[in-house]
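User: I am new to this structure and would love a close look at its aromatic ring pairs. Could you walk me through that part?

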Amino acid sequence: MSHPSEEVRARLQTDRPHSARVWNYLLGGKDNYPVDSAAGDVILTTFPEFAAVARVQRRFLSRAVRFLAGEAGVRQFLDIGTGLPTADNTHEVAQRIAPESRIVYVDNDPLVLTHAEALLTSSPEGACAYIDADVRDPERILAEAAKTLDLSRPVALTMLGIVGQISDAERPAELVSTLLSGLPSGSYLALSDGTNGNEALNRAVEAYNGQSANTYHLRSPQEIAAYFAGLTLVEPGVVSTATWRPDADRSEEPTAEVSVCGVAVKN
């Protein structure tokens, strides 16, 4: 892998925690800096279940992509807020079911960019691409994605833990709507985000926001459900992340219900 450019090194901000690197630490990864692990430990001290919550959300990604590539028959995926590579990345899950699947990953964390080579290992029949972009620039994301995906055919848009990084002032629902408006009928949205009903989690996120380069905004389940407005929800609707179509042969580890998720189709 080539060394990161001067610009990427400047963007790394190794003196401040970054969400993708903190998430990597919470998932047991090694692609983080001491400042990230320290921030992760602050979260775990205040809300010890957070690492389990991170694992629950990651497993929802696998279940959702299996549904989308399998039962729904989707062959194109736009994964925004990719994070650092870990087990069962979107392209791996999709291409196990349909090797011809095409996946575009989007993230704006420079360390994710430096790991893109590891992420972009597509099957010969399919394709993977990486866009270094911010979710706040949906028009650019769609324009870049169109170089790999056929936006006249259904696309599965996955947004896990990313809309919570958008403040109310930045109008997150409008960003989701703009992205969906660029996708045709038959496309899907899979989304999961943290909820604000647990006081320990609220305190943990407040402590994290006080030191991080990114801030996270917990919202009510009703606010998160509103991102699916105008779409047709797949059963069981917007539910606790651990309870969305759980694997029959695997019981989820018990955690506080602090995130909700859903999958819906654009008519």
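Analyst: Let's start with a term we will need: a residue counts as buried when its relative accessible area is under 20%. Please keep in mind that this is a predicted model. By that cut-off, Phe 67 and Tyr 188 are both buried.

Now to the rings themselves. A pair of aromatic rings is described by the distance of the centres and the angle of the planes. Searching the whole structure turns up four aromatic pairs. One of them joins Phe 47 and Phe 50 in an edge-to-face arrangement, with 6.4 Å from centre to centre and 80° between the planes. Phe 47 and Phe 50 are each buried as well.

Another pair brings us back to Phe 67 and Tyr 188, whose rings also meet edge-to-face, at 6.1 Å centre to centre and with 80° between the planes. This pair links distant parts of the chain. Phe 67 belongs to helix H4, which covers residues 50-69, while Tyr 188 belongs to strand E5, covering residues 188-194. Along the chain, the two partners are 121 residues apart.

Phe 67 and Tyr 188 are also part of a wider group: ring pairs link them with Phe 60 and Trp 244 into a cluster.

For a contrast in exposure, turn to Asp 132, which sits in strand E3, residues 127-132. Asp 132 has a relative accessible area of 25%, so Asp 132 is partly exposed, as that class lies between the cut-offs of 20% and 50%.

Terms used
Residues numbered from 1 in each chain as written. Predicted model: local features only at pLDDT ≥ 70, side-chain atom pairs only at ≥ 80, totals over all residues. Heavy atoms only, no water. Phe/Tyr/Trp six-rings, centres within 6.5 Å; stacked < 30°, edge-to-face > 60°. Buried < 20%, exposed > 50% of the residue type's maximum accessible area, 1.4 Å probe, protein only. Helix = DSSP H or I, 4+ residues; strand = E, 2+ residues; numbered from the N terminus.
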